[in-house]
Amino acid sequence: MAGTIIVTGGSRGIGAATSRLAAARGYGVCVNYLNNAAAAEAVVRDIAGAGARAIAVQADVAREDAVEGLFESAGRALGPATALVNNAGLAGRVNRLDEASSETIRTVVEVNLLGTIWCSRAAVRRMSTRRGGPGGAIVNLSSGAATIGSPGEYVWYAAAKGAVDSFTLGLAKEVAGEGIRVNAVAPGFVDTEIHAASGMPERLAEDAPKVPLGRAAAPREIAEAILWLLSDAASYVTGTVLRVAGGR
Ligand code: NAP
């Protein structure tokens, strides 16, 4: 077995595709979710049906105490995590900054940025060879928004993802000598429910044809990049933000 992987936001979209692919590659999978227990259980059932091990664990990654509980639950059921995918995220309701609510901005920054930081800290505390751990690999979900800025849509989200890029670079250097690689994947348009949740259900139909490759990505195409970065095939790759955006 490849080890134990925790996929935050593993119940839907890119996280669900990553959970399924990780199971196929030999990981025991901890499928984290926030509200949608049915979706998380469906992913776990798929994985179990294919003969691999998975559990669903509810935890809000924005809460430090919940993140500790997530790692403890995963460790008890599957063994200590050797891989972490910081995928849980949201963009918030599309708006200009001067019309956006404080709650939207705060939640987006807390989940995308602080959630990534809390989970990465919990992972490093368990994986670092300096602390007696086995080493491991972390992949953070950034976004093309980090370098585009997303004006008129969600500049707070773009800012949070830009910070995820900086965090990826810094943490990668900090723990490079401790058996842990840290990278990010920056998708462009991906066919998930995040666009409707942001109030733009027509987003992909309208904008995906303008992407150089002419379409949105399927979640599985992002999962492939994530699993490659986690694998030994990427053993010399750390501190990298891999753009998987169809040329956008
Ligand atoms: P999605 O389909 O909307 O799914 C979001 C997932 O995150 C769900 O599993 C959700 O759990 C979980 N989640 C949300 N808040 C959470 C929290 N506080 N704690 C734990 N889990 C939480 O999203 P997606 O499109 O797959 O996006 C996944 C990642 O890719 C995000 O970081 C996003 O910013 C990034 N991304 C997406 C796109 C795109 O076009 N889709 C492009 C660039 C980057 P529930 O099911 O329980 O609600």
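Sorted by class, the shell around the ligand in this predicted model has 13 nonpolar, 14 polar and four charged residues. Altogether 31 residues surround the ligand, and the closest of them are Ser11, Asn35, Asn36, Tyr157 and Thr192.

Oxygen atoms of the ligand also lie within reach of polar backbone atoms of the protein, and the table sets out three such pairs by residue and distance.

| Residue | Protein atom | Ligand atom | Distance |
|---|---|---|---|
| isoleucine 14 | polar backbone atom | oxygen | 2.8 Å |
| leucine 34 | backbone N or O atom | oxygen | 2.9 Å |
| glycine 188 | backbone N or O atom | oxygen | 3.3 Å |

On its own the ligand has 900 Å² of accessible area, and the protein covers 95% of that area. The elements that contribute two or more residues to the shell around the ligand are α1 (13–24), β2 (27–33), α4 (102–127), α6 (155–175) and α7 (194–197).

The wider setting of the ligand is a pocket, since the space that the ligand takes is the largest pocket. This largest pocket holds about 1,100 Å³ of space, and of the 49 residues that line the largest pocket, those closest to its centre are Ala88, Gly89, Leu90, Ala91 and Ile194. At least two residues of the lining come from each of α1, β2, α4, α5 (145–148), α6 and α7. Divided by class, the lining of the largest pocket consists of 21 nonpolar, 20 polar and eight charged residues.

Taken together, the ligand is surrounded by 31 residues, has 95% of its accessible area covered by the protein, and takes up the space of the largest pocket, which is lined by 49 residues.

Definitions and conventions. Residues are numbered from 1 along each chain as its sequence is written. This is a predicted model: local features need pLDDT of at least 70, side-chain atom pairs count only at pLDDT 80 or more; totals for chains, interfaces and linings use all residues. Side-chain values use heavy atoms; hydrogens and water are left out. A residue is near a molecule or strand if one of its heavy atoms lies within 4 Å of it. A polar contact is a pair of N or O atoms within 3.5 Å; within protein, one must be able to donate a hydrogen and the other to accept it, and residues adjacent in sequence count only if both atoms are side-chain atoms. Accessible areas come from the Shrake-Rupley method with a 1.4 Å probe; for residues, only the protein chains shown count as cover. On a 1 Å grid over the protein atoms alone, a cavity is a set of points where a 1.4 Å probe fits but cannot get out, and a pocket is an open set with protein on both sides within 12 Å along at least five of seven lines; lining residues have an atom within 4 Å of a point. A molecule sits in a cavity or pocket if more than half of its atoms lie within 2 Å of its grid points. Helices (H or I, at least four residues) and strands (E, at least two) are DSSP runs, numbered from the N terminus. Ala, Val, Leu, Ile, Met, Phe, Trp, Tyr, Cys and Pro count as nonpolar, Asp, Glu, Lys and Arg as charged, and the others, Gly among them, as polar. Grid points are joined across faces, edges and corners, and a volume is the space filled by probe spheres set on the points.
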